[in-house]
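Visitor: Hi, I'm new to this one. Could you walk me through a bit of it?
Guide: Sure, let's bring it up and start with some wording.
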Amino acid sequence: MTATIIVTNGRVLTMDEAAPRAEALVLRGPEIAHVGSNREALAFKSNGTRVIDAAGGTVMPGFVEGHMHLFAGAAELDHLQLFGVHGFDALKAAVAAYLRDNPGNDLIIGEQADYTILSKDEPVTRQHLDRIVPARPFIMFSPDHHTAWANTIALEQAGILKGRKLGPGNEIVMGADGLANGELREGEAIDPVRSLSQSGDRDRLGLTTGGEPEPRPTAAQFEHDLKVMKRGLDHCARHGITSIHNMDGNFYTLELLEELDKRGDLLCRVRVPFHMKNFMDLTALEKASVMAKRYHSEKLASGFVKVFVDGVLDSWTAVMVEDYADRAGWRGEPLFKPEHFAQVAVEADRRGLQIAVHAIGDGAVRIVLDGYAAARLANGTRDARHRIEHIEVVHPADIPRFKELGVIASMQPPHPPGCHGLPLEPTISRIGEARWPYAYAWNTLRAAGARLVFATDWPVSAIDPIRSVQSAMTRKVWKEGLPDHRQPLMQALASYTREGAYAEFMEARKGRLKPGMLADVAILSGDLEAADPKALHEIRPAVTICDGRVTFQG
Ligand SMILES: [Zn+2]
């Protein structure tokens with residue numbers, strides 16, 4: 001048996017408890033043939049073998065990014081980046097610089113504008129943005145993408161300047177003058193402006209409507225979208241990622257990825273869900289079953305249903321059990337009524353599909369757990385591995401239910417306020433001190449037996465898994481005496497590898513380095529274990545291998 005690739009001189013973290021450490025790896029085609037010492041590995045060497053010297057760097061299973069939005073993230077690589085921009089003048093300068101490089105009349109899209117971009121107490125209005133961009137449509141998004149701010153011409157062209165009636169949880173915020181004030185909350189409010197973009201919003205369809213592009217994209221548009229997608233996959237590969245759990249989807253997304261696979265350009269394994277919206281009939285889940293049946297390879301698969309039951313804390317759209325600490329009488333409005341969500345859960349579960357639900361407030365988390373309990377009652381207990389995404393606040397009474405119901409907690413180390421350069425406000429005031437102990441409660445959930453999957457929710461946060469692990473390891477408490485949720489390195493890495501594999505029923509094939517497992521490997525420039533957590537981000541992926549093929553080399 002001939003080795004295709006041998007990796008030597010590594011600090012190999014196999015993530016396999018039975019044999020956690022090694023020095024070298026032997027890959028044969030798409031699988032791992034041997035894990036052991038340099039001497040053992042080099043015995044497999046023959047003429048065609050490529051030898052990669054890891055030079056003392058960490059060698060580990062490729063990162064499994066457990067929650068992200070590939071198409072939208074890829075499209076955003078070209079947008080105006082506003083991370084770290086603060087104050088009117090800085091915003092104006094950033095936009096001006098972007099306009100110099102991007103002339104034209106089409107919609108300008110800004111990303112990562114934090115909720116306090118102007119100042120702590122001055123909300124953004126269309127009038128502010130008009131003073132920056134008067135004559136061209138402009139929209140900018142909060143990091144969580146649940147709020148956006150648009151200028152007057154954008155609101156006018158989108159036909160929403162005078163407001164519009166929207167579904168629950170969505171809002172075009174109106175000003176005292178009876179016109180939209182520029183702030184748009186949630187998809188239905190934002191989409192009319194987004195659809196003015198050059199991509200016609202095809203990159204967001206899987207996220208916003210779950211539907212397919214209409215009319216059918218032309219051949220040129222299809223090629224354009226392939227290029228966007230490939231850039232996104234390349235961006236993932238250069239960050240050491242080999243598997244992606246995409247959290248929005250439709251057939252169009254799958255068709256693009258399938259075509260890339262045929263061309264040998266599918267640089268990561270991807271799972272794509274069917275996105276169930278609250279206006280769909282239960283029969284819509286048939287489409288999810290068709291997607292699952294058509295796509296089930298180790299490279300490209302469907303098989304799960306994504307649902308949103310609430311929004312986010314910062315815009316008071318997350319659903320809480322008790323009132324918001326800074327808004328008496330308001331608990332948020334669920335996108336699915338509890339009975340409605342339970343029906344969806346029962347039907348999806350009956351079809352043998354996995355379910356992954358965005359639930360940020362403790363009230364939303366409870367609705368989802370209740371739905372999963374209803375599914376178990378109706379269909380019997382099975383190894384369903386349903387998931388809850390985000391869980392930014394959990395009610396203490398619900399913590400043990402994750403283990404009881406076998407529900408996976410999918411959480412994002414860069415998201416707690418204070419992590420990753422995020423401001424503490426307004427989020428921590430929305431949550432309120434009484435709930436702080438149950439906010440982003442990684443260790444509390446772990447201690448209660450929940451399985452945790454980590455990810456970044458790219459493009460909500462930068463995709464870099466090493467920075468995300470760093471956030472997990474260095475998180476600070478908001479106040480003395482609150483639970484410490486810092487993660488030891490190995491635990492954070494497990495949530496990025498074997499736990500991610502488990503969440504997609506692939507733990508026998510990936511997430512650990514072991515003979516017979518898929519040859520998905522990240523070779524890093526330094527030794528993660530030897531690094532000071534504060535300097536962890538200086539360690540970079542050096543080589544990424546997916547399916548036995550080098551997908552990135554630094
Ligand atoms: Zn997401």
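Guide: Two strands pair if DSSP finds at least two bridges between them. Keep in mind that this is a predicted model.
Visitor: Okay, so what do E25 and E26 form?
Guide: Strands E25 and E26 form a hairpin, with two residues between them. Asp547 sits in that turn and has a positive phi of about 60°.
Visitor: And how many bridges do E25 and E26 pair over?
Guide: Four bridges, in the antiparallel sense. E26 covers residues 549–553, and its Arg549 is the bridge partner of Cys546.
Visitor: Which strand do four bridges join to E25, besides that one?
Guide: That's E24, residues 521–524, and E24 and E25 run antiparallel. Leu524 stands opposite Pro541 of E25 there.
Visitor: How many residues of E25 are buried?
Guide: Five of its six, so to speak: E25, residues 541–546, is mostly covered.
Visitor: Switching topic: where is Ile388?
Guide: Ile388 is in strand E21, which spans residues 387–390.
Visitor: Why does Ile388 count as buried?
Guide: Because its relative accessibility is 0%, and buried means under 20%.
Visitor: What is Ile388 in contact with, leaving aside neighbours within four places in sequence?
Guide: Its contacts include Val357, Leu369, Tyr372, Phe402 and Ser410.
Visitor: And how far apart are Ile388 and Ile52?
Guide: In space, 39 Å from C-alpha to C-alpha, and in sequence, 336 residues.

Terms used: Residues numbered from 1 in each chain as written. Predicted model: local features only at pLDDT ≥ 70, side-chain atom pairs only at ≥ 80, totals over all residues. Heavy atoms only, no water. Buried < 20%, exposed > 50% of the residue type's maximum accessible area, 1.4 Å probe, protein only. Contact = heavy atoms within 4.5 Å.
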